[in-house]
Amino acid sequence: MNNVSDKKNRPNAFADRIAGFDDPSMGDERERDVILRAYTFGSIFSTYAFFTLALAFAVLGAGLWSALIVLASGVSGVAISAYCRRENVDFSMAMSRVSPKRLIISNVIGGVFTLAWLAAVVFHMSNGYPLIDAGMGNRAMPGAPSSTYSIVIGAAIGFIIALTIMTASRVRKSKQARAEAAAADSIEDED
């Protein structure tokens, strides 16, 4: 476990205290494993809950303001990556070993949410009213005309660029992980 006096990992020691890793509530090893898996599931579930909330806001007319909700859903990913980096764990390498089925499922779910969100925002911008008018205003963004398609087009292009970069990074990391596994296998064969 992290030592609180260790200056290098002080942020992780603080994170461990917040999460309660050294707390008696973690129980024995089996209970701790179950609790950590539950934390992971809760983190993933809350990300999808954020996406659903953003979609609902876009459908109700909060349009581009719902982008803040989507951005907030990324906080957990940033925190996880930072924690791993401070513990000298290559999180991107670990993510490159995600099973193809899990990767496809998460990308499809994320893509469906993104397309539905963009469709709701584009509908609002092109028609001047949301799919369900909940009195959140008649404009997609306060102070800007309803015809601000450039923001939506920019978001769509940004999404495509980000997806391309993430795919290229995953392919590169997968090749690196396979090479490391092959090197480890050859070392085991020599023994």
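**Why these words fit this model**

Modeller: Ile153, Ile157, Ile161 and Ile165 form a nonpolar patch on the surface, with about 390 Å² of accessible area together (Shrake-Rupley method, 1.4 Å probe; for residues, only the protein chains shown count as cover). The model is predicted: local features need pLDDT of at least 70, side-chain atom pairs need 80 or more, and totals for chains, interfaces and linings use all residues. Numbering starts at 1 along each chain as its sequence is written, and side-chain values use heavy atoms, without hydrogens or water.

Biologist: What makes Ile165 fit a patch?

Modeller: Patch residues have over 30% relative accessible area and no salt bridge; nonpolar side chains (Val, Leu, Ile, Met, Phe, Trp, Tyr) are joined within 5 Å, like charges within 9 Å. Ile165 has a relative accessible area of 54%, so it passes the 30% limit.

Biologist: Why is Ile165 called exposed?

Modeller: Exposed means over 50% relative accessible area, buried under 20%, partly exposed in between (1.4 Å probe, protein chains only). The value for Ile165 is 54%, so the word is exposed. Ile165 sits in helix H7, residues 149–190.

Biologist: What makes a stretch a helix or a strand?

Modeller: Both are DSSP runs, numbered from the N terminus: helices are H or I, at least four residues, and strands are E, at least two. The protein chain has 7 helices and 0 strands. Its elements run α-α-α-α-α-α-α.

Biologist: How confident is the predictor in H7 and H2?

Modeller: pLDDT gives its confidence in each residue, from 0 to 100. Among the elements, H7 has the lowest mean, 75, and helix H2 (residues 29–60) the highest, 88. Over residues 1–6 the pLDDT is below 50, and this stretch has 13 contacts (heavy atoms within 4.5 Å) beyond near neighbours in sequence. Residues 139–144 are also below 50, with 15 such contacts in the model. Where pLDDT is low, predicted coordinates should not be read in detail. For the protein chain, the mean is 78, and 85% of residues reach 70 or more.

Biologist: How do you know that the buried residues of H1 line one face?

Modeller: In helix H1 (residues 10–19) they are Asn12, Ala13 and Asp16. Down the axis of H1 they fall within an arc of 105° (taken from the directions from the helix axis to the C-beta atoms), so they line one face. These buried residues pack against helix H4 (75–86). The face turned away carries the exposed residues Arg10 and Ile18.

Biologist: What makes Asp33 and Arg37 a salt bridge?

Modeller: A salt bridge needs a side-chain nitrogen of Lys or Arg within 4 Å of a carboxyl oxygen of Asp or Glu. Here the closest N and O atoms are 3.1 Å apart, so the pair qualifies. The two residues are 4 apart in helix H2, about one helical turn. A search of the whole structure finds 1 salt bridge.

Biologist: Why is Asp33 called partly exposed?

Modeller: Its relative accessible area is 39%, which falls between the two cut-offs, so partly exposed is the right term.

Biologist: What stands out about Asn88?

Modeller: Asn88 has a positive phi of about 60° although it is not a glycine. Asn88 lies in the loop between H4 and helix H5 (91–96). Its relative accessible area is 64%, so Asn88 is exposed.
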